[in-house]
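Student: Could you take me through one part of this model up close? I'd like to look at the nonpolar core and whatever sits around it.

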Amino acid sequence: MDFSSKILENAVNEVSRLPGIGKRTALRLVLHLLKQPAENTKYLSEALLHLRNDVKTCEKCHNISDTVLCDICQNPKRNPEIICVVEDIRDVMAIESTAQFKGLYHVLGGKISPIEGIGPQNLQIDSLINKVEQGEIKELIFALSSTMEGDTTNFYIYKQLQKFDITTSTIARGIAVGDELEYADEVTLGRSIINRIPFEQSIKS
């Protein structure tokens, strides 16, 4: 792809670093920005800088937040005895959109994947175990994607929790095996939360 401007080329190269965006899409976005009023680009730049510099991670659940504790953890109407374990914030957003879950979350920040060099020590698993040790949690819902990595992560955590008096369940397999949670439709995902099954049952099937 030949560029008439080095400045344009640099902008396209930076935008194309974003996931799912190739050079042609990046070029279309950059040219769109050039056609917009200058203040629109300024607002976008300020929003991105604000995001990068000021966004926080909830100290309790590791969700992305504007404050030390996220809105979900601060909500007195949520049930703190039920924790839904998810991979990342996109899964929190997907489950929240169903309006079927009234507990709290724990964001692991990924899944165990030896191929990618991600082990238990790279995830927020220790902090989850610490929560359970405090004795306030009665049920842990595993809501990771139905992939080999997701199942491995579920089983690892399950083994760490066997000595505690706590119910472990997993979302029902309305979510197809191999599917990522964030792409499931709201109705299917909502039913999977409601019809969750004991984790022991899921590893026997």
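Tutor: Let's fix one term before we start: a contact here means heavy atoms within 4.5 Å. Keep in mind that this is a predicted model, where local features need pLDDT of at least 70, side-chain atom pairs count only at pLDDT 80 or more, and totals for chains, interfaces and linings use all residues. Residues are numbered from 1 along each chain as its sequence is written, and side-chain values use heavy atoms, with hydrogens and water left out.

Start at Cys-84. Setting aside residues up to four places away in sequence, Cys-84 touches Ile-95, Phe-101, Leu-104, Tyr-105, His-106, Ile-141, Ala-143 and Ile-193. A nonpolar core is a set of buried Ala, Val, Leu, Ile, Met, Phe, Trp, Tyr and Cys residues joined through side-chain atoms within 4.5 Å. Buried means under 20% relative accessible area, exposed over 50%, and partly exposed in between (1.4 Å probe, protein chains only). The largest such core has 37 residues, and Cys-84, Leu-140 and Ile-157 are the ones that touch the most other members. At least two residues each come from helix H4 (71–74), strand S3 (79–86), helix H5 (89–96), strand S4 (103–107), helix H6 (126–133), strand S5 (139–142) and helix H7 (148–161). S3 gives the largest share, five residues. Those labels are DSSP runs numbered from the N terminus: helices are H or I with at least four residues, strands are E with at least two. Another core, of five residues, lies apart from this one, and Leu-8, Val-12, Val-15 and Val-30 are among its members.

Now move to Val-107, in strand S4. Val-107 counts as buried because its relative accessibility is 5%. Leaving out neighbours within four places in sequence, its contacts are Cys-61, His-62, Asn-63, Val-86, Glu-87, Asp-88, Ile-89, Val-92 and Gln-124. Take Gln-124 from that list: it is 17 residues from Val-107 along the chain, yet their C-alpha atoms are separated by 7.1 Å.

Two of those contacts, Glu-87 and Asp-88, bring us to the charged pairs. A salt bridge is a side-chain nitrogen of Lys or Arg within 4 Å of a carboxyl oxygen of Asp or Glu, and the structure holds six. Glu-87 pairs with Lys-111 at 3.5 Å, N to O. Lys-111 sits in the loop between S4 and H6 and Glu-87 in the loop between S3 and H5, so this pair ties together parts 24 residues apart in sequence. Both partners are buried. Asp-88, for its part, meets Arg-90 at 2.7 Å, N to O. Here the burial is split: Asp-88 counts as buried because its relative accessibility is 15%, while Arg-90, at 42%, counts as partly exposed.

Zooming out, the chain has nine helices and seven strands, and 38% of its 205 residues count as buried. Among contacts between residues at least 6 apart in sequence, 56% join residues at least 24 apart. The accessible surface (Shrake-Rupley method, 1.4 Å probe; for residues, only the protein chains shown count as cover) comes to about 12700 Å², with 52% of it belonging to carbon and sulfur atoms.
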